[in-house]
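Here are my notes on the two-chain model you sent over. I have kept them as numbered points so you can follow along with the structure open.

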Amino acid sequence: MALIEIKNLHVSVQGKDILKGISLTINAGEVHAIMGPNGTGKSTLSNVIAGREGYEVTQGSVSFDGQDLLAMPPDARARAGVFLAFQYPVEIPGVSTSAFLKTAINAKRRTEGKPEIDAMEFLKLVKAKNKALGIPDDMIKRPLNVGFSGGEKKRAEVLQMTLLEPRFAVLDETDSGLDIDALKIVSDGVNALRGPTRAFLVITHYQRLLNYIVPDYVHVMAGGRIVKSGGKELAYELEAEGYTKYLAAA
Amino acid sequence: MAATAKTVETVRDVEAYKYGFVTDIESDLAPKGLSEEIVRFISAKKNEPKWMLEWRLKAYRYWLTLADEEPTWAKLHFPKIDYQDSYYYAAPKQKVGPKSLDEVDPQLLETYKKLGIPLLEQQILSGVAVDAVFDSVSVATTYKKKLNELGVIFCPISEAVQKHPELVQKYLCSVVPVGDNFYVALNSAVFTDGSFVYIPKGLRCPMELSTYFRINEKNTGQFERTLIIADEGSYVSYLEGCTAPQRDENQLHAAVVELIALDNAEIKYSTVQNWYPGDKDGKGGIYNFVTKRGACRGKNSKIMWTQVETGSAITWKYPSCILQGDGSVGEFYSVAITNNHQQADTGTKMIHIGKNTRSKIISKGISAGKSSNTYRGLVRIQGKADGARNYTKCDSLLIGSTCGAHTVPYIENRSPTAQTEHEATTSKIGEDQLFYCMQRGMTQEEAVSLIVNGFCKEVLQTLPMEFAVEAQKLVGVSLEGGVG
């Protein structure tokens with residue numbers, strides 16, 4: 001069943017057309033990868049899905065679980081189960097990671113009609129997830145993303161995703177800035193969440209990540225369009241041949 | 001519209017003041033205006049001894065000489081106050097003071113309940129002794145008996161005038177002289193009530209002492225007077241919190257608080273101030289002109305002020321420490337939030353007189369809407385204060401681009417062996433921060449509250465536990481727009 005359906009999506013930023021007719025259907029249980037060179041609109045797509053300001057949808061639609069996603073404010077999208085792992089996670093001075101996580105978890109629980117998580121339950125939960133992601137427990141006492149290394153920031157993103165259990169997660173260049181060990185840990189975290197009710201859109205520049213998070217489908221994006229779609233083998237082809245021929249086509 | 005612009009709009013659009021209601025208890029009003037007769041009337045109402053009346057009259061006469069000397073140096077703008085257009089005495093009609101809460105007017109108790117301070121529950125559950133001030137007369141004093149057994153005196157100041165004249169005469173105005181400023185002279189002439197605390201030698205007061213202030217009578221100026229004395233080696237933590245009902249007239253509130261810490265004594269004074277700030281167009285609201293000062297008179301004594309200022313149309317307030325005793329310590333922690341058209345000019349003074357005295361100032365100012373928020377602080381180190389040290393940190397957080405934040409530090413150092421440090425930062429809540437939080441499911445208000453609470457954490461942590469929880473909520477509510 002289609003969890004997310006993007007139809008003929010055109011988006012412009014400050015009058016400049018960035019996305020020029022993206023159509024993509026992702027079913028529950030699937031992992032899709034979008035690959036492509038820099039500046040083709042990959043991050044624009046993830047920002048539009050999450051509802052960031054400053055992007056004008058000039059044509060097309062995005063539906064999530066049958067709802068008009070574009071009509072919803074960003075926080076409502078998040079509570080409905082859309083998660084964006086940021087390419088550049090934002091620093092929030094003074095706010096401890098744990099306070100942030102707790103507020104986010106409680107926002108979700110409120111939507112589900114559940115009471116706020118109690119302190120003991122929260123700690124137990126976070127500690128268990130930390131262990132799996134190789135995150136030291138004292139990291140959650142630090143202000144969110146402040147002074148975190150590139151690897152710590154990405155792990156913190158995956159920790160948030162793991163705790164919030166979204167139905168649809170977009171990973172925007174989650175592999176950037178990760179060494180091979182961190183890449184493996186982060187990928188294991190994502191793989192652990194894979195399941196029949198959940199879908200992923202993995203945006204990456206390199207095929208490397210897809211060795212660890214093996215996608216069901218690979219799409220090549222160039223010039224604001226999806227220019228080719230295929231199975232996971234398409235990623236190997238791109239790695240070997242580069243994006244040049246697609247850029248020419250776009 | 002950009003997320004920040006929306007935030008500005010929502011925070012501007014603050015919901016109707018939560019505590020805006022008026023109870024209609026008949027008041028015993030003095031005629032409008034201020035004169036020697038009114039001062040005599042107030043003194044007579046309070047059955048005061050002659051020395052007290054004389055003291056008031058002296059203050060009143062001095063105030064008259066100050067007629068055109070209202071302080072104007074603060075970054076505050078408001079129309080000239082007509083001091084003859086106000087009532088200076090209002091008391092709920094009660095001939096004899098209540099012996100217990102059962103004797104208190106149920107309507108009064110209901111008012112407290114609406115404010116979220118059920119006295120009965122507080123007594124039973126939290127062990128906090130409350131000297132509740134309703135308008136100008138204390139209507140209930142709790143836990144008195146238990147405190148009495150410990151030798152603690154915690155009572156309305158009018159009672160202290162009757163029962164402990166030697167303490168009142170010795171310490172009243174010993175920290176803040178009558179002639180200190182315009183509002184102090186006025187307060188000294190007409191104050192009607194307030195709290196008096198004496199902690200005996202060597203006692204660590206086992207309870208937080210707390211007073212709730214509330215203005216309830218139309219056009220009644222509130223002139224509270226608080227005097228706290230911590231004798232040698234004692235410790236006390238005192239909480240003060242205020243809410244006021246909504247109304248259109250500006251209401252003047254000019255309190256005076258004096259703290260005295262003798263050798264090795266420690267006083268912790270915490271305030272949550274949430275007077276009616278006026279509506280979103282800047283109409284109405286309390287004028288809060290407060291003089292608070294503590295004297296660390298004894299060696300190694302300590303005074304710590306913590307304030308969370310979210311209310312009032314105008315805040316003029318500089319809780320200060322005079323560090324007389326060698327090795328004494330003064331600390332000031334402040335969160336000041338201004339929204340809509342609120343104006344705050346607040347900070348502290350740390351006067352280092354004794355040797356090896358230390359002071360610390362942590363100020364967090366948050367401005368939203370069209371408000372103006374100024375930190376003004378003085379650190380003065382006198383010539384004989386060898387080895388004195390000060391650390392000051394002033395951080396400002398802006399929400400939107402129509403508000404203002406100002407930092408005005410004065411540092412006067414006359415000691416070659418003293419050290420002072422000053423740090424200041426100004427930041428703005430970023431759209432990317434709000435978007436990040438909202439992408440995790442938080443509403444915009446939750447996101448603002450989380451970020452602002454993070455910004456103020458250093459200060460809120462210094463509050464006693466229950467007060468800290470209340471203050472955190474208040475921080476969110478003060479910046480919240482219409483969203484429940």
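1. Let me start with chain A, which has eight helices and 10 strands. Please keep in mind throughout that this is a predicted model. Of the 250 residues of chain A, 50% count as buried. Among the contacts of chain A that link residues at least 6 apart in sequence, 68% join residues at least 24 apart.

2. Chain A has an open sheet of six strands, ordered 6-7-8-3-9-10, with mixed pairing. Strand 6 (82-85) and strand 10 (225-230) of chain A are at the edges with a single partner strand each, so one side of each has no neighbour in the sheet. From one strand to the next, the twist averages 20°. Within this sheet, have a look at strand 3 (residues 31-35) of chain A, which pairs with strand 8 (residues 199-204) of chain A in the parallel sense over five bridges. To find the register, use A:Met35, whose bridge partner in strand 8 of chain A is A:Thr204.

3. Another open sheet in chain A is built from four strands in the order 2-1-4-5, and here the pairing is antiparallel. Strand 2 (16-27) and strand 5 (67-68) of chain A are its edge strands, each pairing on one side only. Strand 5 of chain A is joined to strand 4 (residues 56-64) of chain A by two bridges, and the two run antiparallel. A:Ser63 is the residue that stands opposite A:Asp68 of strand 5 of chain A. Helix 1 (residues 42-50) of chain A packs on this sheet and touches strand 1 (2-13), strand 2 and strand 4 of chain A. The direction of helix 1 of chain A makes about 115° with that of strand 1 of chain A.

4. Next, a helix pair: at what angle do helix 3 (residues 97-111) and helix 4 (residues 119-133) of chain A pack? The angle is about 110°, and their axes are 11 Å apart. Because angles of 65 to 115 degrees count as roughly perpendicular, helix 3 of chain A is described as roughly perpendicular to helix 4 of chain A. Helix 3 of chain A contributes A:Ser98, A:Leu101, A:Lys102, A:Ile105 and A:Arg109 to the contact, while helix 4 of chain A brings A:Ala119, A:Glu121, A:Phe122 and A:Leu125. By class, the residues of this contact are five nonpolar, one polar and three charged.

5. Helix 5 (residues 150-164) and helix 6 (residues 180-193) of chain A have axes that come within 10 Å and cross at roughly 10°. That crossing makes helix 5 of chain A roughly parallel to helix 6 of chain A. On the helix 5 side of chain A, the contact uses A:Arg155, A:Val158, A:Met161 and A:Thr162. Helix 6 of chain A supplies A:Ala182, A:Ile185, A:Val186, A:Gly189, A:Val190 and A:Leu193. Sorted by class, the contact has seven nonpolar, two polar and one charged residues.

6. Helix 7 (residues 233-241) of chain A is a nice one to view down its axis. Its buried residues include A:Leu234, A:Ala235 and A:Leu238. They lie on the same side of helix 7 of chain A because they cover an arc of only 105° around the axis. The face turned away from that buried side carries the exposed residues A:Glu233 and A:Ala240. After helix 7 of chain A comes A:Gly242, with a positive phi near 80°.

7. Moving on to chain B, there are 12 helices and 23 strands. Buried residues account for 63% of its 484 residues. Among contacts in chain B between residues at least 6 apart in sequence, 84% join residues at least 24 apart.

8. Do spend a moment on strand 13 (residues 286-296) of chain B, where 11 of its 11 residues are buried. Both faces are covered, with B:Ile286 and B:Asn288 among the buried residues on one side and B:Tyr287 and B:Phe289 among those on the other. Strand 13 of chain B runs parallel to strand 10 (residues 251-253) of chain B, joined by three bridges, and B:Leu252 stands opposite B:Tyr287. Strand 11 (residues 256-261) of chain B also pairs with strand 13 of chain B in the parallel sense, over six bridges.

9. Strand 13 of chain B has further parallel pairings, with strand 15 (residues 314-317) of chain B over four bridges and with strand 16 (residues 320-323) of chain B, again through four bridges. For orientation, B:Asn288 has B:Thr315 as its bridge partner, and B:Gly294 stands opposite B:Cys321.

10. Finally, helix 10 (residues 431-439) of chain B is mostly covered, with seven of its nine residues buried. B:Phe435, B:Tyr436 and B:Met438 are among them. B:Gly441 follows helix 10 of chain B and has a positive phi, near 100°.

Note on methods
Residues are numbered from 1 along each chain as its sequence is written. Chains are lettered from A and ligands numbered from 1 in the order in which they are written. This is a predicted model: local features need pLDDT of at least 70, side-chain atom pairs count only at pLDDT 80 or more; totals for chains, interfaces and linings use all residues. Side-chain values use heavy atoms; hydrogens and water are left out. Buried means under 20% relative accessible area, exposed over 50%, partly exposed in between (1.4 Å probe, protein chains only). The arc is that of the directions from the helix axis to the C-beta atoms. Axes are lines fitted to C-alpha atoms, for helices over the stretch in contact, and angles run from 0 to 180 degrees between N-to-C directions. Angles under 35 degrees count as roughly parallel, over 145 as roughly antiparallel, 65 to 115 as roughly perpendicular and the rest as oblique. Contact means heavy atoms within 4.5 Å. Ala, Val, Leu, Ile, Met, Phe, Trp, Tyr, Cys and Pro count as nonpolar, Asp, Glu, Lys and Arg as charged, and the others, Gly among them, as polar. Two strands pair if DSSP finds at least two bridges between them.
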